[in-house]
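Please open the structure in your viewer and keep the selection tool at hand. The stops below proceed from one selection to the next.

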Amino acid sequence: RNHRIAVVPGDGIGPEVIDASLEVLAAAETAFGFGTELTRVEAGARHYLRTGELWTPELEEQLRGHDAVLFGAMGDPAVQPGVLERGFILAMRKAFQQAVNLRPVKLYEGVATPIAGLTPERCDLVIVRENTEGAYVGRGSTVHAGTPYAVAVQESVNTRPGIERVVDYSFRLAQQRRKKLTLCHKKNILVEAGNLWQDTVDEVGRRYPDVEVDYVHVDAMCFHLPVAPERFDVVVTDNLFGDIITDLGAVIQGGLGVAASANLNLDGSAPSMFEAIHGSAPDIAGRGWANPVGAVLSTAMCLASLGEREAALAIEAAAVHVLAGLPQLSGPGMGMDTAGVGKEIASLVGAGLP
Ligand code: NAI
Ligand code: MG
């Protein structure tokens, strides 16, 4: 088994957490007997400021030839906010039809959560966010701009095939888990989109009679998620609501340093992309203070999607073990630097399960 993986370290702490992840990946290759062919791609703030290039047809062609993309983070104080994120990350999601944004929300043993009394057994769910449509299609217009009568219209586009593919994916995921699917929307107010989502869930659900279906409004979700996460197994939602509730999920599971994600292409036409959910953290970049576990767990998700399930489980177990031993989740109080955490996880993976 040989996997061709493109690596985009990007900006700030991106290269730091990616280097730690590659160390873990190398240990997993030796321990589990598979190979990788890594292509390191220069992209991000420095490249953009030098060349003006972000997502080019050449880069798209180059990346398309890979089985997966590992992504660090992008964003830099020297570049106008949003330029790199929209110009690169959103462009990739769209070009590669990464229809699903997968966000496990799992509280690991020994990780401090701000939710009093919450235990790991009660917090193990997955949020499936639609990743290409909704309010993030960037359609809209403003009339009478700059006047006291300005009106801004921002459209949300929801298509039956776009919804159906994430809903079907969510049902299949629920079948492999605790067999419960919750639709999260605001269908009492956003009636057009809400009805299409609910109808699609109802119809697709007939193919999965063993999965229990539930519905929760997004505002109520912001209440239930921190207070009773055990209520949820798989949550499916649209692009905007998903963006918001996944950040809430990250808080519940102990912060940005530990949260992982996958941007999945479902039809095999292009690679999927895997990234920690944090950004480039310019405030701590270059100091070795970043926690690489989110990136390492994203690498495990990458391997799982490439069929290396055992390696993925071993990496997760090793990362969780090391995480539990850290006095603090980031900064100088972490007890070791970013690279040190990577090495520790790598050595556990190399030695078999912790
Ligand atoms: P951020 O996620 O980079 O940082 C937020 C806070 O969390 C900072 O205090 C940072 O030090 C801390 N933090 C983040 N990751 C950490 C880790 N692994 N270990 C320890 N502490 C960590 O979000 P922020 O500051 O809003 O954005 C910084 C830049 O990143 C901006 O340019 C933003 O647009 C970009 N960004 C990029 C994303 C991506 O590449 N997918 C996602 C989010 C933001
Ligand atoms: Mg977000």
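Begin by selecting ligand 1 in this predicted model, together with the shell of 22 residues that surrounds the ligand. The closest residues of that shell are Gly75, Gly257, His278, Gly279 and Ser330. Colouring the shell by residue class shows eleven nonpolar, eight polar and three charged residues around ligand 1.

Next, colour the protein by domain. The domain assignment places residues 1-99 together with 259-354 in domain 1, and residues 114-252 in domain 2. If the C-alpha centre of each domain is marked, the distance between the two centres is 25 Å. Now select the residues through which the domains touch: nine from domain 1 are in contact with seven from domain 2. On the domain 1 side, this set divides into four nonpolar, three polar and two charged residues.

Move then to helix H1, residues 14-32, and add helix H9, residues 293-305. Their axes come within 8 Å and cross at roughly 45 degrees. An angle between 35 and 65 degrees falls outside both the roughly parallel and the roughly perpendicular ranges, so H1 is oblique to H9. The crossing of these two helices is right-handed. To display the contact, select Val17, Ile18, Ala20, Ser21, Val24, Leu25 and Ala28 in H1, which meet Ala295, Val296, Thr299 and Leu303 in H9. By class, the contact of H1 with H9 comprises nine nonpolar and two polar residues, with no charged ones.

The following selection is helix H10, residues 309-324, with helix H11, residues 338-350. Here the axes come within 9 Å and the crossing angle is roughly 130 degrees. H10 is therefore oblique to H11, and H10 passes H11 in a right-handed crossing. From H10, show Ala314, Ile315, Ala318, Ala319, His321 and Val322; from H11, show Val341, Glu344, Ile345, Leu348 and Val349, which complete the contact. The residues of the contact between H10 and H11 are nine nonpolar, one polar and one charged.

For the last stop, select helix H7, residues 218-227, and helix H8, residues 239-252. At what angle do H7 and H8 pack? The angle is about 15 degrees, and the axes of the two helices are 10 Å apart. Because this angle is under 35 degrees, H7 counts as roughly parallel to H8. The crossing of H7 and H8 is right-handed. Displaying side chains brings up Val218, Met221, Cys222, Leu225 and Pro226 in H7, which meet Phe241, Ile245, Leu248, Gly249 and Ile252 in H8. The contact of H7 with H8 is made of nine nonpolar residues and one polar residue, and no charged residue takes part.

Definitions and conventions:
Residues are numbered from 1 along each chain as its sequence is written. Chains are lettered from A and ligands numbered from 1 in the order in which they are written. This is a predicted model: local features need pLDDT of at least 70, side-chain atom pairs count only at pLDDT 80 or more; totals for chains, interfaces and linings use all residues. Axes are lines fitted to C-alpha atoms, for helices over the stretch in contact, and angles run from 0 to 180 degrees between N-to-C directions. Helices (H or I, at least four residues) and strands (E, at least two) are DSSP runs, numbered from the N terminus. Angles under 35 degrees count as roughly parallel, over 145 as roughly antiparallel, 65 to 115 as roughly perpendicular and the rest as oblique. A crossing is left-handed if the near helix is turned anticlockwise from the far one by less than a right angle, and right-handed if clockwise. Two residues are in contact if their C-beta atoms, placed from the backbone, lie within 7 Å. Ala, Val, Leu, Ile, Met, Phe, Trp, Tyr, Cys and Pro count as nonpolar, Asp, Glu, Lys and Arg as charged, and the others, Gly among them, as polar. Domain bounds come from an automatic or database domain assignment. A residue is near a molecule or strand if its C-beta atom, placed from the backbone, lies within 6 Å of it.
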